Amino acid sequence: MPDPVKCKGSIITSELQSSRAMVFAIEEINNSTELLPGIRLGYQIYDSCASVPVGVHVAFQFLNSFDPVFYTGNSCSQSGMVMAVVGDSGSTTSISIGQVISSFNIAQVSHFATCACLSDKQQYPSFLRTIPSDQFQAEALAKLLKHFGWTWIGAVRSDSDYGNNGMASFLEAAQKEGICVEYSVSFYRTHPQSKIQKVADVIRRSTAVVVVVFAAIGDMRILLEELSREPSPPRQWIASESWITCSELTRFRFCAGAIGFGIQTSVIPGLRDFLLNLSFSQVAASEILTEFWEDAFNCTLKTISAADKKVCDGTEDIQNLQNPYTDTSQLRITNMVYKDVYAIAHATHNAVCRGKNDTAKCDKLTKLESKEVLTQLKKVNFSQNGYDVSFDANGDPVAIYELVNWQKSEGGIIDMVTVGMYDASLPVGQELRIDRNITWMEGSTQVPVSVCTGSCPPGTRKVLQKGKPICCYDCMPCPEGEISNTTDSADCLSCHKEFWPNAKRDICIPKPVEFLSFQDTLGIILAIFSVLGACLAIITAAVFFHHRTSPVVRANNSELSFLLLISLTLCFLCSLTFIGAPSEWSCMLRHTAFGITFVLCISCVLGKTIVVLMAFKATLPGTNVMKWFGPPQQRMTVVSFTFIQVLICTIWLVLSPPFPIKNLTTYKEKIILECALGSQIGFWAVLGYIGLLASFCFVLAVLARKLPDNFNEAKLITFSMLIFCAVWITFIPAYVSSPGKFTVVVEIFAILASSFGLMLCIFAPKCFIIVFKPKKNTKKHLMSKNQS
């Protein structure tokens, strides 16, 4: 035979308070005229000793109507069958008792068994509770950690149904909130000291500042005692409801700043007087009360006293006793017991009265079945002392917690202060409310930081470290062209094609728009040269006009010279159309104006070259060619060549004209405003035609280069065409390879260089003679074949 089941350890005075509160509630109901009038409730109280074997043993005791082991109320009129059970305080013992009594449909209402597993109605069909399930507490704790930004934590639990199931629910909820666990360890108060020490060492060595503990009071006391033996780094304790409201544990000063969810405080009128109303004879008649009295006053009720203890004589003053039994300042779990009893009483009342409001019609002689009480218990909905009592389909109440903070007072005493609330019935995101300032570990007012890796600032993204939890990562800058505008961003976002990240890569800003403007240094220089060239052409025209009757001007076809100077002026000025922001009209104007003016210019030079050749032929005996290339023919030649270019430009503008575009591809970080050519064929046809005329003119000039020097300007035209062709041949590869606004710069440079080449080669020598060597500006000098 096994040894008799016995309780071990000292009495837990808070549990004694709960049992006495049950008696108080029963007597209050028995004296009520509204609830169960004329019907008295009887009771039996058993001590489960927080032990599964003891709990199962007492379950069989009351199922078999064994004699009570504590005390009973007044004798009942009949041998009463147990209708309901209040208890147990622990989840493990509640599970064991529930598995025994559920087969008999006996309702079990617990005030402190919070394991989420007990909500499973398939396994525990007759279990209900007035304390919320750990499932709600686990979700509340996970949201609390998320609220304060703690993503790197340690997890400690009791190796029991309460601790294991509660921590499992919490870890699942924490994972959904993106919280990582550095370690998860378990222990139990009966484990060897070495096991407890290992758990304490894990807590000391960890990098996680925040430690979440799902542990029973007895287990937590042992762990804190072990931690107090050696100095430990400061830790922010997050407590489950089982120990956050235990005043006994506040003696561990290093736990100051602990925070957790506790059951709501309450007030039960008359309970304190009932608890303190213990007569000496009443104490002596009860084994449990005797043990409590002896422990509280350090005396013995035995006649013969031990050497270190005095004999209790009844003069002990319980009114001034300070321990959990007499402390009614924060009735939390005790109120759950109070509500348990009233819930059973209301269920019994509804079963007896069959739902009738008139209590006089209640059938007091009805023989109740435990199943009826269980059925009615699931339906109860009432308010007692301002606190609502009801159960959902899983036998759980509405989850409402107080957020409790251990704050050290000026006297060094740790007080349990309510700093907020958690109501699971509120909409998502509104459940947690914090009303007061929280004191953290070591008395700090700053929220402690507990993360594996610091937050990644905007402009970076998180890159997970290989082989580590998701909370451990490196902060990598966003790639080029991408930003992140939130802290701890997992990915970077690409900017819109017209935007580019700033230096910090946390916002997209409009790309700078680039084009050759009149404000740019390069644009100003080119504009100055353009205007300077045009002025030079106008001044030259003025000089020629002033000396229009001089031999030098007349000998070089003054009409074509003036037309050439006008066309050169337009060539210089057309380069200005390439400066400034491109528009639809400027894009069409710049290319067509450039093409037409240059053809006009080359046509004039070509005309002058032909005139030189014809003039030389005309000096030969028997020739009269000049009549075939007189002024009318010269004009017609210029007009014809120019008209062809006008026709090419017109076709180009009609079919596919140039248009302004935003070039987003050349540079990633800026936008280039430029003119798209529209039709590539049109553009190269314009350039090709200019090149064709220039080549033809160059060939004719080369043929005329050995004619008498003083009579013709073939050499000057040859040099000018040589410069012209060299400029535009080098222009093509430079134009194609130049990026952005430099494409426009290359084109302007080619226009100016070729224009200045024509200007200086053709007109500079003549102006020099007209202005500085007037003696050479004679017909005799021009007709001389021997002078250079």
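Two strands count as paired when DSSP finds at least two bridges between them. With that in hand, let us walk through this predicted model.

**The eight-stranded sheet**

Eight strands come together in an open sheet, and their order across it is β5-β4-β6-β7-β8-β13-β14-β15. The pairing in this sheet is mixed. At the edges sit β5 (180–187) and β15 (432–434), each of which pairs on one side only. From one strand to the next, the twist averages 30 degrees.

It helps to remember a general point here: strands of a sheet pair through backbone hydrogen bonds, and they can do so in a parallel or an antiparallel way.

Now follow some of the neighbours. Strand β4 (residues 152–158) pairs with β5 in the parallel sense, over seven bridges. Within this pair, A155 stands opposite S184 of β5. Strand β6 (residues 210–214) is also parallel to its partner β7, with four bridges between them. If you look for V212, you will find that its bridge partner in β7 is I238. How does the chain get from β6 to β7? The path goes through helix α7 (residues 217–227), and this β-α-β crossover is right-handed. On to the next pair: β7 and strand β8 (residues 259–263) are parallel too, over two bridges. Here A239 has G260 in β8 as its bridge partner.

Strand β7 (residues 236–239) is a nice place to look at side chains. In a regular strand, the side chains alternate between the two faces of the sheet. Which residues of β7 point the same way as Q236, and which point the other way? I238 shares the direction of Q236, while W237 and A239 point the other way. Are these four residues buried or exposed? All of them are buried.

**Helices on the sheet**

Helix α4 (residues 134–147) packs on the eight-stranded sheet and touches β4, β6, β7, β8, β13 (400–408), β14 (414–423) and β15. The direction of α4 makes about 175 degrees with that of β6. Helix α5 (residues 161–176) lies across β4, β5 and β6, and runs at about 155 degrees to β4.

**Two helices packed together**

Next come helix α1 (residues 13–30) and helix α12 (residues 333–353), whose axes are 8 Å apart and meet at an angle of about 35 degrees. The crossing of α1 past α12 is right-handed. On the α1 side, the contact is made by Q17, S18, A21, M22, F24, A25, I26, E28 and I29. They meet T334, V337, Y338, V341, Y342 and A345 on the α12 side. Sorted by class, this contact has 11 nonpolar, three polar and one charged residues.

**A smaller group of strands and a loop residue**

An open sheet of three strands follows the order β22-β24-β23, again with mixed pairing. Its edge strands are β22 (513–514) and β23 (659–663), each pairing on one side only. β23 and strand β24 (residues 671–676) pair in the antiparallel sense over five bridges, and F659 stands opposite A676 in β24.

E498 sits in the loop between β19 (493–494) and β20 (499–501). Although E498 and K511 are 13 residues apart in sequence, their C-alpha atoms are 5.9 Å apart in space. Leaving aside its neighbours within four places in sequence, E498 touches P510, K511, K662, L664 and I671. Why does E498 count as partly exposed? The reason is its relative accessibility of 28%, because the partly exposed class lies between the cut-offs of 20% and 50%.

**Unusual backbone spots**

Most residues other than glycine have a negative phi, and most peptide bonds are trans. The model has some exceptions. G87 and D88 are joined by a cis peptide bond, with omega at about 5 degrees. D88 belongs to the loop between β1 (84–86) and α3 (91–101).

C49 and E442 each have a positive phi without being glycine. C49 is in the loop between α1 and α2 (52–63), and E442 is in the loop between β15 and β16 (460–464). The table sets out their values.

| Residue | Phi | Relative accessibility | Class |
|---|---|---|---|
| C49 | about 60 degrees | 22% | partly exposed |
| E442 | near 60 degrees | 67% | exposed |

Technical notes
Residues are numbered from 1 along each chain as its sequence is written. This is a predicted model: local features need pLDDT of at least 70, side-chain atom pairs count only at pLDDT 80 or more; totals for chains, interfaces and linings use all residues. Side-chain values use heavy atoms; hydrogens and water are left out. Buried means under 20% relative accessible area, exposed over 50%, partly exposed in between (1.4 Å probe, protein chains only). A crossover is right-handed if, with the strands pointing away from the viewer, the path from the first strand over the helix to the second runs clockwise. Axes are lines fitted to C-alpha atoms, for helices over the stretch in contact, and angles run from 0 to 180 degrees between N-to-C directions. A crossing is left-handed if the near helix is turned anticlockwise from the far one by less than a right angle, and right-handed if clockwise. Contact means heavy atoms within 4.5 Å. Ala, Val, Leu, Ile, Met, Phe, Trp, Tyr, Cys and Pro count as nonpolar, Asp, Glu, Lys and Arg as charged, and the others, Gly among them, as polar.
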